[in-house]
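Subject: Structure handover

Hi,

Here is the structure I promised to pass on to you. Have a look at it first, and then read on for my notes.

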Amino acid sequence: MPDPHSQLADLLPELAAGDASANHEDPLVARREERTSTNWIALIRLFDGTEIPCNVKDISKSGAKLGVPEAYTLPPCFMLRILGRDFILRVNLAWRRGNYAGVRIDRIAKLPVAEEKKAVPVEQAPDYHSIGRRRDRSFSE
């Protein structure tokens, strides 16, 4: 069986020669982890207390792509809370293009679980058989 690494090494000079003659955009960057498409609603929390609404477009173990209106200026580091989840992320801004921003996940913290209300004891089902009946007025025991 041929070694795939040697085949790849043989192709690299050919690809480099072909790239020099063609006009192309930035090459694709291989991701370390697979990204999962999402449409989660989230809040960016700045350290001064400001909250900015956003959407998490995709996420992986190490980063995420956020949909944030271009009008908001993002600092290099901020907190990200995904609504409906029990964790908060500390992230670093990796890139910003228009209404999108890429972030690297620095830390994940679990939010404290709100105390659940004590279960209200279930009352006995009402006895509807007694409706419309006359009560016995005798005082016998």
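Which residue lies over the face of W95? That residue is R97, at 4.4 Å from the ring centre. A second arrangement of this kind involves W40: the charged end of R85 sits over the ring, 4.3 Å from its centre. As for pairs between aromatic rings, the count is zero. Before going further, please keep in mind that this is a predicted model, so every value here is computed from predicted coordinates.

**Overall layout**

The protein has 141 residues, of which 20% count as buried. One helix and six strands make up its secondary structure, and along the sequence they follow the pattern α-β-β-β-β-β-β. Among contacts with a separation of 6 or more, 42% are between residues 24 or more positions apart.

**The core**

The largest nonpolar core contains 19 residues. The members that touch the most other members are I44, V56, L66, V68, L74, F78 and L80. Where do the core residues come from? At least two are supplied by each of β1 (36-45), β2 (51-59), β3 (63-67), β4 (77-82), β5 (87-97) and β6 (100-110). The top contributor is β2, which gives four residues. As general background, nonpolar side chains in soluble globular proteins tend to be buried together.

F78 is a good residue to click on if you want to see this core from the inside. Leaving out neighbours within four places in sequence, F78 is in contact with I44, R45, L46, F47, L66, L89, R90, V91, L93 and V103. One of these, R90, comes up again below as a salt-bridge partner.

**Salt bridges**

How many salt bridges does the count give? It comes to four, and I describe three of them here.

- D58 and R35 meet through their side chains, with 2.8 Å from N to O. D58 is in strand β2 and R35 is in the loop between α1 (4-21) and β1, so this pair links distant parts of the chain, 23 residues apart. D58 counts as buried because its relative accessible area is 15%, under the 20% limit. R35 has 26% and is therefore partly exposed.
- K110 forms a salt bridge with D86, and their closest N and O atoms are 2.4 Å apart. Here strand β6, which holds K110, is linked to the loop between β4 and β5, which holds D86, across 24 residues. K110 is exposed because its relative accessibility is 61%, whereas D86, with 37%, is partly exposed.
- D106 forms a salt bridge with R90, with the closest N and O atoms 3.7 Å apart. D106 is in strand β6 and R90 in strand β5, 16 residues apart. D106 is partly exposed at 40% relative accessibility, and R90 is partly exposed at 30%.

**Cysteines**

The structure holds zero disulfides. Two cysteines to look at are C54 and C77. C54 counts as buried because its relative accessibility is 5%, and C77 counts as buried at 16%.

**Two serines**

Is S60 buried or exposed? S60 is buried, because its relative accessibility is 11%. S60 is found in the loop between β2 and β3. Not counting residues up to four places away in sequence, S60 touches E33, E34, R35 and I105. R35 in that list is the salt-bridge partner of D58.

S37 lies in strand β1 and is exposed, because its relative accessible area is 66%. Beyond residues up to four places away in sequence, S37 touches K57 and D58. D58 therefore appears twice in these notes: as a contact of S37 and as the buried member of a salt bridge. For a distance to check in your viewer, take S37 and K65: they are 28 residues apart along the chain, and their C-alpha atoms are separated by 9.4 Å.

If you open the model with a single starting point in mind, I suggest D58 and R35, with their N to O distance of 2.8 Å. From R35 you can step to S60, which touches R35, and from D58 to S37, which touches D58.

Happy viewing, and best wishes

Terms used
Residues numbered from 1 in each chain as written. Predicted model: local features only at pLDDT ≥ 70, side-chain atom pairs only at ≥ 80, totals over all residues. Heavy atoms only, no water. Core = buried A, V, L, I, M, F, W, Y, C linked by side-chain atoms within 4.5 Å. Buried < 20%, exposed > 50% of the residue type's maximum accessible area, 1.4 Å probe, protein only. Contact = heavy atoms within 4.5 Å. Phe/Tyr/Trp six-rings, centres within 6.5 Å; stacked < 30°, edge-to-face > 60°. Lys NZ or Arg CZ within 6 Å of the ring centre and 35° of its normal. Disulfide = S-S within 2.5 Å.
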